[in-house]
Amino acid sequence: MSNGTGRYEKRLSDLAGLYADSAAFAALLADGDRVVYDVTEFRPSENGGDVIFGVTRMNPGRVGKEFFLTRGHIHAKSDRPEIYYGQKGTGLMQLESPDGETRIVEIGPQTICYVPPYWIHRSVNTGDEDLVMVFCYPADSGQDYGIIERSGGMRHRVVAADAGWALVDNDGYVPRTPEVAAALIGDAV
Ligand SMILES: [Fe+2]
């Protein structure tokens, strides 16, 4: 992508605490603090009528049985949606509603994924090559990364399985109270 206004990358050490297998995480980190994903974006403004778009590239890999993933977030203005368009590789978008429902959208080349308003979202590379996606969202959305941390992670983990991947329960998950879930939805501007 040319003429971007920003770029950042997340390394394994930036993702400490997200994976179930802390021994596997420590072993992998000891082997080198590798880049897990990078994002190049074009951010024209922060006005609600504008859009931010860019390209995210995720390396393939696993921590124990869990695939490499992004930190994940809900939009700070929680009613703001997002579009992801798969360009290369295979992976999925893990979606979680404020009241704890999980939905999975598989992503491959020429696949489009709609993240509706109010849904927490994280991408996961389930393949053995880079997962590359274009994204686009309203420029005033913002990101709340703490939403996942406050619940001890997302409700499910995406792990390697004979069929490619499977969901397993996250034992550390603490459901949001009905009041917290309602406030997230009532937060809409
Ligand atoms: Fe987002």
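Cys-136 is partly exposed, with 28% of its relative accessible area; by that term I mean anything between buried, under 20%, and exposed, over 50%, using a 1.4 Å probe and protein chains only. The model is a predicted one, in which local features need pLDDT of at least 70 and side-chain atom pairs count only at pLDDT 80 or more, while totals for chains, interfaces and linings use all residues. Residues are numbered from 1 along each chain as its sequence is written, and side-chain values use heavy atoms, with hydrogens and water left out.

Back to the cysteines. A disulfide here is a pair of cysteine sulfur atoms within 2.5 Å, and by this rule there are zero. For Cys-113, the nearest cysteine sulfur is that of Cys-136, 13 Å away, and Cys-113 is in no disulfide. Cys-113 is buried, at 0% relative accessibility.

Next, the metal. Which residues are the protein donors of the iron ion? They are His-73, His-75 and His-121, each through NE2, and Glu-82 through OE, at 2.0 to 2.3 Å from the ion. Donors are N, O and S atoms within 2.8 Å of the metal, or 3.2 Å for Na, K and Ca; water is not among the atoms, so sites may look incomplete. The angles between the four donor atoms run from 84 to 166°, which makes the arrangement irregular. As for that word, four donors are tetrahedral if all angles lie between 85 and 135 degrees; four are square planar, and six octahedral, if opposite donors are over 155 degrees apart and all others between 65 and 115; anything else is irregular.

In sequence the spacing of these donor residues reads H-x1-H-x6-E-x38-H. Glu-82 sits in strand β6 (residues 82-88) and His-121 in strand β10 (residues 120-125), so this pair ties together parts that are 39 residues apart in sequence. Strands are DSSP runs of E with at least two residues, and helices are runs of H or I with at least four, numbered from the N terminus. Glu-82 and His-121 are both buried.

Strand β10 also belongs to a sheet. Three strands form this open sheet, in the order β8-β7-β10, with antiparallel pairing; two strands pair if DSSP finds at least two bridges between them. β8 (102-107) and β10 stand at the edges with a single partner strand each, so one side of each has no neighbour in the sheet. Between β7 (residues 91-96) and β10 there are six bridges, in the antiparallel sense. Gln-94 has Arg-122 in β10 as its bridge partner.

Just ahead, in the loop between β9 (112-115) and β10, is Tyr-118. Its phi is positive, about 80°, although Tyr-118 is not a glycine. Tyr-118 is partly exposed, at 23% relative accessibility.

Last, the aromatic rings. How many aromatic pairs does the structure hold? There are four. Rings of Phe, Tyr and Trp (its six-membered ring) pair if their centres lie within 6.5 Å; planes under 30 degrees apart are stacked, over 60 edge-to-face, and the rest tilted. Phe-42 and Phe-53 have ring centres 5.5 Å apart and planes at 50°, so that pair is tilted. Phe-42 is in strand β2 (residues 35-42) and Phe-53 in strand β3 (residues 51-58), eleven residues apart. Phe-42 is partly exposed at 29%, and Phe-53 is partly exposed at 34%. Elsewhere, ring pairs link Tyr-84, Phe-135 and Tyr-137 into a cluster.
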